[in-house]
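Work through the exercises below with the structure open beside you. Try each task before reading its solution.

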There are 2 protein chains.
Amino acid sequence: MAKAIPARSEDYSEWYNELVRKADLAENSAVRGCMVIKPYGFSIWEKMQRALDDMFKETGHQNAYFPLFIPKSYLSKEASHVAGFAKECAVVTHYRLKNAEDGSGIIVDPEAKLEEELIVRPTSETVIWSTYKNWIQSYRDLPLLINQWANVVRWEMRTRLFLRTAEFLWQEGHTAHATAEEAQAETRQMLEVYATFAEEWMAMPVIRGTKTANERFAGADDTLCIEAMMQDGKALQAGTSHFLGQNFAKAFEVQFLSKQNKLEYVWGTSWGLSTRMMGALVMAHSDDDGLIIPPKLAPIQVVIVPIYRSDEQLDAVSEKVKPLMTELRKAGISVKYDNSDSYKPGYKFAEYELRGVPVRLAIGARDLENGTVEMARRDLKTKETVPFDGLTERIVALLDDIQKTIYQKALAFREANTFVIDTFDDFKVQIEKGGFIMAHWDGTSETEEAIKEQTKATIRCIPFEGANESGTCVYSGKPSAQRVVFARAY
Amino acid sequence: MAKAIPARSEDYSEWYNELVRKADLAENSAVRGCMVIKPYGFSIWEKMQRALDDMFKETGHQNAYFPLFIPKSYLSKEASHVAGFAKECAVVTHYRLKNAEDGSGIIVDPEAKLEEELIVRPTSETVIWSTYKNWIQSYRDLPLLINQWANVVRWEMRTRLFLRTAEFLWQEGHTAHATAEEAQAETRQMLEVYATFAEEWMAMPVIRGTKTANERFAGADDTLCIEAMMQDGKALQAGTSHFLGQNFAKAFEVQFLSKQNKLEYVWGTSWGLSTRMMGALVMAHSDDDGLIIPPKLAPIQVVIVPIYRSDEQLDAVSEKVKPLMTELRKAGISVKYDNSDSYKPGYKFAEYELRGVPVRLAIGARDLENGTVEMARRDLKTKETVPFDGLTERIVALLDDIQKTIYQKALAFREANTFVIDTFDDFKVQIEKGGFIMAHWDGTSETEEAIKEQTKATIRCIPFEGANESGTCVYSGKPSAQRVVFARAY
């Protein structure tokens with residue numbers, strides 16, 4: 001194999017880093033903390049975008065675009081919001097470069113200083129709510145259901161490709177409603193969109209729940225989230241949906257005339273999902289040979305590799321493959337025929353395994369004689385010789401099966417690595433081994449922080465399901481209404 | 001009408017500004033020079049993106065994503081490039097905010113100063129070529145055909161919605177090739193893609209040509225462009241494609257091993273098209289009643305307005321409309337049924353005229369009796385009563401006719417406002433009246449600048465067509481090989 005990567009069991013972290021680079025998903029750029037998303041990685045992100053965008057539009061949302069820059073005074077208007085983001089803001093202070101007078105090169109022109117500094121958006125609530133003020137006068141203007149695809153910047157000190165980068169790509173939904181109930185329903189609806197996307201497209205099971213006050217979005221009254229388990233047993237927050245209450249409406253004076261002709265503050269939500277999901281996709285499914293991509297997100301679903309010893313053999317295979325390609329494409333399947341002569345079949349097999357192409361077909365001279373083809377599935381690493389006739393239907397069914405199998409495998413892994421724990425001693429032992437811990441918690445930030453300090457585990461969420469079992473806190477022994485999900489997290 | 005706009009003949013500039021705002025395309029934000037693209041405007045931009053992206057992919061390009069920030073030293077590596085952009089750079093100097101110690105609010109933390117300032121990309125050649133250095137080793141890595149959809153920032157002092165904004169959205173293609181010929185062919189191919197997009201999608205005829213050295217992209221050996229005429233007779237540069245020679249390859253040391261086993265510098269191109277095209281779309285076609293959008297880019301192609309005096313009548317119309325909507329959608333037509341009771345039909349008609357919906361159907365009780373419908377086309381402002389039967393085919397044909405008619409009208413306008421001029425006195429008279437002037441030019445920057453100073457007209461391009469007519473320069477009287485296009489421009 002041309003590009004070996006470390007095994008997960010040896011060094012999970014390096015396995016991830018090397019895989020992301022060698023499978024051509026992304027790489028570090030010369031700019032600290034900012035990544036380059038390479039064409040193959042970006043084509044997966046495009047599939048994610050398309051799937052999400054369709055769901056947003058089906059639920060009545062429209063796209064728009066708001067400025068990259070936020071005046072410092074705007075960011076400061078919602079107190080807890082600015083407190084949450086102040087430490088990681090990229091700040092624009094000047095608007096011109098010039099030649100240094102001493103000839104030493106290009107310098108920032110000190111005379112071109114901005115009157116007010118601009119923050120490169122870490123998220124867009126403030127600039128959007130300052131706009132909504134002009135868009136909303138009456139209940140007729142509500143609900144306002146808007147999404148934006150954008151880049152955002154959070155000046156992270158320790159970065160990792162996709163998982164934590166100074167600049168990342170995301171979508172951010174920002175909606176405005178006449179009542180708290182409507183806004184809460186929207187918050188919940190969009191969480192469900194994310195969960196559907198994670199489970200049905202990414203084949204990644206998620207736990208839906210509520211964040212504790214400590215982990216809430218800066219400026220929200222409530223943060224809902226989906227949490228996924230990675231193959232090292234750590235949690236990854238895979239999408240959040242925030243009920244903003246009237247916080248931003250009050251900060252930006254966004255009021256509307258209700259049906260009862262009363263002036264009221266608007267209720268808000270925001271929700272976001274980012275290129276972090278690319279990291280989750282890798283960490284949830286892939287193996288020591290490379291990526292495993294669920295068919296619904298695979299840029300290439302089927303690769304066909306010809307096996308030949310002469311130009312005549314290659315021509316014969318190519319002739320057989322051509323109508324198959326047409327048929328597969330008609331069935332909505334993306335297929336690549338790799339007849340390049342730069343590399344041998346074995347090298348190609350390894351390359352497409354590395355890149356996670358779900359189905360590989362190999363066709364040689366003997367297959368032509370027998371009317372067969374070798375069909376290999378990436379996820380289980382099995383292969384079988386199957387008749388050429390009826391191949392398209394077979395592949396359609398196989399892709400469907402692969403999608404489901406990947407999901408089921410991840411679900412079984414999560415279930416096998418989820419532990420119901422009742423004592424803090426057991427908790428401390430289990431957290432070192434990894435996995436999710438379902439434990440009772442007394443509902444206080446003090447306990448949450450003490451547990452975090454002693455175990456590095458955080459409360460990932462208070463799950464929607466399983467709300468009815470009461471007990472006593474694993475740490476304090478105080479009463480608890482339900483178990484919550486603890487884990488170490490990315 | 002609810003939202004009257006000024007007439008073009010009264011104040012073309014205000015007509016444009018008001019139309020962009022009132023048709024919900026865009027508005028100014030609180031951030032100097034940065035616009036908000038509103039949902040309706042953004043849905044047109046999405047259609048533009050989709051059409052272009054498809055063409056890029058058909059010509060073998062892949063999308064990727066590169067960092068928003070460019071280290072100052074990188075921007076400075078190509079001398080003419082930095083000279084071209086230095087005066088309009090947004091500069092990030094700090095990475096943190098904090099609470100002022102005197103309690104006066106949030107300030108930039110002076111201790112969080114970047115070692116090297118970062119420029120918010122005005123264009124991405126430098127950061128991309130610094131990446132290509134690692135991607136290109138051999139001729140096998142070429143050509144490298146990559147596009148990026150991104151936001152860029154150029155600190156403009158005088159801004160106008162879409163036409164000139166500090167932040168704008170665009171795509172930028174960046175390709176690398178083994179030979180100058182291949183790079184030149186790519187430069188020309190992508191200009192042709194832009195021209196096809198302008199003419200077939202935007203219904204806007206363009207002149208293809210080469211920029212003079214004065215108007216060339218900073219860092220390019222050659223800039224090709226398409227130029228369109230707006231309704232006030234001014235020119236608008238609608239897309240540019242640059243042959244970069246080996247300039248960026250040399251600045252970033254990007255070399256490859258050729259088939260002949262020689263180390264050579266790579267040849268490059270870049271090409272971009274931006275949200276400026278939204279401004280061009282408005283200025284090229286729209287009228288005093290509002291937008292005229294070519295059907296291929298219209299977010300809503302057909303609007304159906306029910307005419308009724310009772311709930312029974314509305315129900316009867318709705319029942320008739322429902323299967324029609326299904327049929328239209330099956331034919332790939334985007335249709336909206338506006339049965340809201342907040343506004344009267346006359347108000348709705350004006351609203352959809354303002355928003356440029358190409359076809360409007362009105363159906364009332366009498367139409368139901370007669371099996372007819374009133375069909376109005378936005379571009380010609382004509383309406384006719386037509387049979388309900390066969391409506392879908394009629395509308396398909398009508399949309400096609402509207403697309404062509406809009407193009408032909410713009411072409412006829414350009415032809416009527418293009419003048420062949422041979423003396424500088426005539427030139428000065430004509431330029432005040434507007435339009436394109438086809439005149440001979442001696443090929444020197446001095447003459448170009450003198451004409452610009454005296455008339456505010458620039459050379460829009462040296463057109464590919466009409467290259468064979470020689471003559472004498474309209475200003476200097478010196479020999480000239482062909483006429484060039486002069487105009488005042490946006």
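**Starting point**

The UniProt annotation "domain: Aminoacyl-transfer RNA synthetases class-II family profile", from an unreviewed entry, covers residues 27-294 of chain A. UniProt positions are given in the numbering used here, feature names are shortened, and annotations may be inferred rather than shown by experiment. This is a predicted model: local features need pLDDT of at least 70, side-chain atom pairs count only at pLDDT 80 or more, and totals for chains, interfaces and linings use all residues. Residues are numbered from 1 along each chain as its sequence is written, chains are lettered from A and ligands numbered from 1 in the order in which they are written, and side-chain values use heavy atoms, with hydrogens and water left out.

**Exercise 1. Describe residues 27-294 of chain A by end-to-end distance and by helix and strand content.**

Step 1. Take the end C-alpha atoms of the span: they lie 22 Å apart.
Step 2. Read the content: 29% helix and 32% strand. Helices (H or I, at least four residues) and strands (E, at least two) are DSSP runs, numbered from the N terminus.

**Exercise 2. Work out how chain A is related to chain B.**

Step 1. Recall the principle: two copies of a chain are related by a rotation about an axis and a shift along it.
Step 2. Superpose chain A on chain B. The rotation is 180°, the shift along its axis is 0.0 Å, and the RMSD is 0.0 Å. That is the relation of a two-fold axis. The fit is by least squares on the C-alpha atoms of residues with pLDDT of at least 70 in both copies.
Step 3. Find the residue of chain A closest to the rotation axis: A:Val92, at 2.1 Å (C-alpha).
Step 4. Compare the interfaces. 100% of the interface residues of chain A are also interface residues in chain B, so the copies meet through the same surface.

**Exercise 3. Trace the eleven-strand open sheet of chain A and find what packs on it.**

Step 1. Write the order: E3-E9-E10-E16-E13-E12-E11-E24-E27-E23-E22, with mixed pairing. Two strands pair if DSSP finds at least two bridges between them.
Step 2. Mark the edges. Strand E3 (62-63) and strand E22 (418-420) of chain A each have a single partner strand, so one side of each is left without a neighbour in the sheet.
Step 3. Add helix H2 (residues 39-58) of chain A. Helix H2 packs on the sheet, touching E3, strand E9 (144-153), strand E10 (167-177) and strand E16 (267-274) of chain A. Contact means heavy atoms within 4.5 Å. The direction of H2 makes about 160° with that of E9(A). Axes are lines fitted to C-alpha atoms, for helices over the stretch in contact, and angles run from 0 to 180 degrees between N-to-C directions.
Step 4. Add helix H8 (residues 276-285) of chain A. Helix H8 touches strand E13 (235-245) and E16 of chain A, and its direction makes about 145° with that of E13(A).
Step 5. Check one pairing. Two bridges join strand E11 (residues 207-210) of chain A to strand E24 (residues 458-463) of chain A, and the two run antiparallel. A:Thr210 has A:Ile462 as its bridge partner in E24(A).

**Exercise 4. Decide whether strand E17 (residues 302-306) of chain A is enclosed, and find its partner.**

Step 1. Count buried residues (under 20% relative accessible area; exposed is over 50%, partly exposed in between; 1.4 Å probe, protein chains only). Five of the five residues of E17(A) are buried, so the strand is largely enclosed by the rest of the structure.
Step 2. Sort the directions. A:Val302, A:Ile304 and A:Pro306 point one way, A:Val303 and A:Val305 the other way. In a regular strand the side chains alternate between the two faces of the sheet.
Step 3. Find the partner. Three bridges join E17(A) to strand E18 (residues 335-337) of chain A, running parallel. A:Val302 stands opposite A:Val335 in E18(A).

**Exercise 5. How many disulfides does the structure hold?**

Step 1. Apply the cut-off: a disulfide is a pair of cysteine sulfur atoms within 2.5 Å. The structure holds zero over all chains.
Step 2. Test A:Cys461. The nearest cysteine sulfur, that of A:Cys225, is 4.6 Å away. A:Cys461 is buried, with a relative accessible area of 0%.

**Exercise 6. Examine the backbone at A:Pro143 and A:Lys456.**

Step 1. Recall the norm: most residues other than glycine have a negative phi, and most peptide bonds are trans.
Step 2. The peptide bond from A:Leu142 to A:Pro143 is cis, with omega near -5°. A:Pro143 sits in the loop between helix H5 (125-135) and E9 of chain A.
Step 3. A:Lys456 has a positive phi, near 65°. A:Lys456 is exposed, with a relative accessible area of 63%.
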